[in-house]
Amino acid sequence: MYEDLIGPFLRYGFMQRALFGSLVLSVSCAPIGVFLMLRRMSLTGDAMAHAILPGAAVGFVLFGLQIVPMTIGGLIVGLLVALGSGIVSRFTVQKEDASLAAFYLISLAVGVLLVSWKGSSVDLMHVLFGSVLALNDAALTLIVGVAVITFLALAVFWRALVAECLDPLFLRSVSRIGTPVHLIFLTLVVLNLVGGFQALGTLLSVGLMMLPAAASRFWTNEVRAMCVIAIVIAAISSVSGLLLSYHASLPSGPAIILTAGVIYAVSALVGTRGMLPTALTSRRHKTA
Amino acid sequence: MSNTCLEFRNLTLGYQGHAAVHHLSGGVQRGSLTAVVGANGSGKSTLLKGIAGILKPISGACVPGFRRLAYLAQQSELDRTFPARVIDLVSLGYWQKRGLLGRLTAADKIRLSTCLDAVGLTGFEKRPLDSLSGGQMQRALFARTMLQDADLILLDEPFNAVDARTIADLIVVIKGWVAEGRTVLCVLHDYVLVRDHFPETLLIARKPVAWGATSDVMTSENLRKARSFQEAWDEEAGWCEDDAGREGQTCGHDHHTHLPRQHKIAGHV
């Protein structure tokens, strides 16, 4: 038992790197996911994840499968899409969901076109689904950097993020910080997705962001606690997903996300704010 | 310091070129309590948003003579499912004083408790927002407004979906603010409340219909006038070109910064 759980991480360098990378990602992505969920932007993360593809593809076409150019490309295109859709929705009647859908669909089409033009379907699979087992030093450095930036930004802008979610009109009446904070937040989303895509691929990096966050909602009604619970769920998913992938020879990215999915399903059922406790509440009640 | 807390100079506010509040001029006296009355869509909320700086004027200006402003939007603008406690919501009232990073001092926390007590929410600090009734929510928002310590307070339909007892309690709070010398503008629909408690009234229907002492403003003739205005936008509406003429009439100031701009007139009252 001990051998099965700890052994792979002790024996193999690539497993240690995978563990380290996915744990740091968990700590960084999960709180961002919580805020995405609270701002009803859960699907925005997904759209942004698709949107970074052409940037990564340009890096890939020019430099091959290398982390630095692909990351920079993804970052630039991700920010362009986030800013573009944000600007369209702020200055026209179109809501952000529609403008974002338009931007990311264009982006995704360009991305797939670029990768299939220069690469093989194997390359496309790699970009789309990543490989946490092949994290090199550059990728790990990037992930740690993203996590540090995320935590600093969250610490500084926490109060503004909460106010912007809870009562945006109030925030606008007392401060001009609303719009900058929104843009900073979108930047953090893109940074975390870019940080995650080498490990999990563009399609699944959003999974480590949203699934633990969505699951945490079933356990608490307090933002800080939600972030902590989401981080714990993401970390558990990372460790068990890696072990599952090692022992059952499954691809690691989907294994991690699927584990998070199982935790989500269980939380939805038996979480303190989940379905069963709500349905089974006894008829006894307090008088006041 | 002048005795005017807020001055409108030919203020026109609206959305995408369509005026929602038309050519409003006049001043709000420091320490006055004014009701803003009008039908749905008459531009009341738009006016408050304009004063709060959330909406930029199409033309004209809203000249501030106040030190700090507190704006309480309609309750529906707030996300009540957000996982926050009463204390989290109320302490947002310290934003102007403490900013993004400033920590709340022990004195701040004591004052917060005092304010919660003043609105009858003692012991509600840790209650989640989604467990509050409409009246309790409004009480919490009043406590937040209190913490803002503003000299101009804007309230947008604070008594919507609130029971009589809560209204009575909150009216006491509002009168307390006025007694402290603060200026209050309050949007409301209940004419009885307006006549009983608000000395001044601004009656609008896209443009000012009457403004002054409540008994002079709330006449049946004025109210009839205020009811019959065109609520829908009219793409065919003509351009309002009387900026230059009106400015000369309404106030004798120079407007170096003001550029006359066109906006559509939806219809005439």
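# Exercises on a predicted two-chain model

**Exercise 1. Determine which residues B:Trp95 touches, and place this residue in a nonpolar core.**

Step 1. With residues up to four places away in sequence left out, B:Trp95 touches A:Arg159, A:Ala160, A:Ala163, A:Leu171, A:Val174, A:Ser175, A:Ile177 and B:Leu100; contact means heavy atoms within 4.5 Å.

The model is predicted, so local features need pLDDT of at least 70 and side-chain atom pairs count only at pLDDT 80 or more, while totals for chains, interfaces and linings use all residues. Residues are numbered from 1 along each chain as its sequence is written, chains are lettered from A and ligands numbered from 1 in the order in which they are written, and side-chain values use heavy atoms, with hydrogens and water left out.

Step 2. The largest nonpolar core has 136 residues, and B:Trp95 is listed with A:Phe35, B:Leu89, B:Phe142, B:Leu155 and B:Trp177 as having the most contacts inside it. Such a core is a set of buried Ala, Val, Leu, Ile, Met, Phe, Trp, Tyr and Cys residues joined through side-chain atoms within 4.5 Å. Buried means under 20% relative accessible area, exposed over 50%, and partly exposed in between (1.4 Å probe, protein chains only).

Step 3. Helix 10 (residues 178-216) of chain A supplies the largest share of this core, 18 residues. Helices (H or I, at least four residues) and strands (E, at least two) are DSSP runs numbered from the N terminus. A second, separate core of 26 residues includes B:Leu11, B:Ile51, B:Ala52 and B:Tyr71.

**Exercise 2. Establish whether B:Leu89 is buried or exposed, and describe its surroundings.**

Step 1. B:Leu89 lies in helix 2 (residues 86-91) of chain B.

Step 2. Because its relative accessibility is 0%, B:Leu89 counts as buried.

Step 3. Leaving out residues up to four places away in sequence, B:Leu89 touches A:Leu166, B:Leu78, B:Leu129, B:Met137, B:Ala140, B:Leu141 and B:Arg144. Among these, B:Leu129 is 40 residues apart from B:Leu89 along the chain, with 8.3 Å between their C-alpha atoms.

**Exercise 3. Characterise the contact between chain A and chain B.**

Step 1. Chain A contributes 28 residues and chain B contributes 30 residues.

Step 2. About 2500 Å² is buried between the chains, 63% of it on carbon and sulfur atoms; this is the accessible area (1.4 Å probe) that two parts lose on being put together, summed over both.

Step 3. Two salt bridges are found across the interface, each a side-chain nitrogen of Lys or Arg within 4 Å of a carboxyl oxygen of Asp or Glu. One of them joins A:Asp167 and B:Arg144, whose closest N and O atoms are 2.9 Å apart.

Step 4. On the side of chain A that touches chain B, helix 8 (137-166), helix 9 (168-174) and helix 11 (223-248) of chain A each give two or more residues. Helix 8 of chain A gives the most, with nine residues.

**Exercise 4. Locate B:His189 and identify what it touches.**

Step 1. B:His189 is in the loop between strand 7 (183-187) and helix 7 (191-197) of chain B.

Step 2. Its relative accessible area is 34%, and B:His189 is therefore partly exposed.

Step 3. With residues up to four places away in sequence not counted, B:His189 touches B:Gly38, B:Ala39, B:Asn40, B:Lys44 and B:Glu157. One of these, B:Lys44, is among the buried residues of helix 1 of chain B.
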